[in-house]
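Hi,

Here's the structure I promised to pass along. Have a look at it first, and my notes on what turned up follow underneath.

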Amino acid sequence: MSTHLSLQHAQRCIAAAIAEARRQRLAVCVAVVDAHANLLAFVRMDDSVPGAIDLAQRKARSAALFRLPSGELGRLAGPGQPLWSIEQSNGGLACFAGGMPLGDAGGSCLGGVGVSGASAAQDQSIAEAAVAMATIQR
């Protein structure tokens, strides 16, 4: 039986991210994409900056397309690194922290979550809270 990321799981992921952002007193945007990097769910918290809308989606897409945290992709994409300038591919990626792949208990990538609107470290901690809620059992 194939497992996929359902809207219900995406909504739980977003709820966990919002709860963590509120705990940190931050306003962010959160995007969840499926395994093909298509947008499944999105929220923009009150007072989040408009530029975070696009970045949250790019972080989620980056994590899903390459099955890596977007910050790790960024480390591989720097000058002299093996994936130098990969952020130019796939309609534009975000190669800094805040995007995480979403998977099932068996290790299959089912999509990605992206968070933007705070510092990269804060975005990452919020994305990690979302991932912790979203692991899907087979």
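A quick bit of vocabulary before the sheet: two strands count as paired if DSSP finds at least two bridges between them. The strands themselves (E, at least two residues) and the helices (H or I, at least four) are DSSP runs, numbered from the N terminus. This is a predicted model, so local features need pLDDT of at least 70 and side-chain atom pairs count only at pLDDT 80 or more, while totals for chains, interfaces and linings use all residues. Residues are numbered from 1 along each chain as its sequence is written, and side-chain values use heavy atoms, with hydrogens and water left out.

**Strands**

Start with β1 (residues 29–34). Strand β2 (residues 39–44) pairs with β1 in the antiparallel sense, over five bridges. If you want a register check, Ala31 sits opposite Phe42 in β2. The two strands make a hairpin with four residues between them, and Ala37 in that turn has a positive phi of about 70 degrees.

β1 also has strand β4 (residues 109–116) as an antiparallel partner, this time over six bridges. There, Asp34 stands opposite Gly111. Because five of its six residues are buried, β1 is largely enclosed by the rest of the structure. By "buried" I mean under 20% relative accessible area; exposed is over 50%, and partly exposed is in between (1.4 Å probe, protein chains only).

**Helix α1**

α1 has 17 residues and reaches 24 Å from its first C-alpha to its last, close to the 24 Å expected at 1.5 Å a residue. That expected span is 1.5 Å times one less than the number of residues. The buried residues of α1 include His9, Cys13, Ile14, Ile18 and Glu20. Just after the helix, Arg25 takes a positive phi of about 60 degrees.

**Salt bridges**

How many salt bridges does the structure hold? Four, where a salt bridge is a side-chain nitrogen of Lys or Arg within 4 Å of a carboxyl oxygen of Asp or Glu. Here are three worth a look:

- Glu20 bridges to Arg23, with the closest N and O atoms 2.8 Å apart. Both are in helix α1 (residues 7–23), three residues apart, or about one turn of the helix. Glu20 is buried at 16% relative accessible area, whereas Arg23 is exposed at 59%.
- Glu72 and Arg75 meet at 3.1 Å, N to O. They too are three residues apart, in helix α3 (residues 70–76), and so are separated by about one helical turn. Glu72 counts as partly exposed at 29% relative accessibility, and Arg75 is exposed at 55%.
- Lys59 and Asp123 meet at 2.9 Å, N to O. This pair links distant parts of the chain, with Lys59 in helix α2 (residues 51–66) and Asp123 in helix α4 (residues 120–134), 64 residues apart. Both Lys59 and Asp123 are buried.

**Cysteines**

How many disulfides are there? Zero, taking a disulfide as a pair of cysteine sulfur atoms within 2.5 Å. For Cys13, the nearest cysteine sulfur is that of Cys109, 12 Å away. Why is Cys95 not bonded to Cys109? The sulfur of Cys109 is the closest cysteine sulfur to that of Cys95, but at 16 Å it is too far for a bond. Cys13 is buried, with a relative accessible area of 0%, and Cys95 is buried as well, at 17%.

**Two loops**

Asp104 lies in the loop between β3 (99–103) and β4, and is buried, with a relative accessible area of 6%. Which backbone nitrogens does the side chain of Asp104 reach? One is that of Gly106, at 3.0 Å, and another is that of Ser108, at 2.9 Å. These are polar contacts, meaning a pair of N or O atoms within 3.5 Å; within protein, one must be able to donate a hydrogen and the other to accept it, and residues adjacent in sequence count only if both atoms are side-chain atoms.

Ser119 is in the loop between β4 and α4 and is partly exposed, with a relative accessible area of 34%. Ser119 and Gly98 are 21 residues apart in sequence, and their C-alpha atoms are 9.0 Å apart in space.

Cheers
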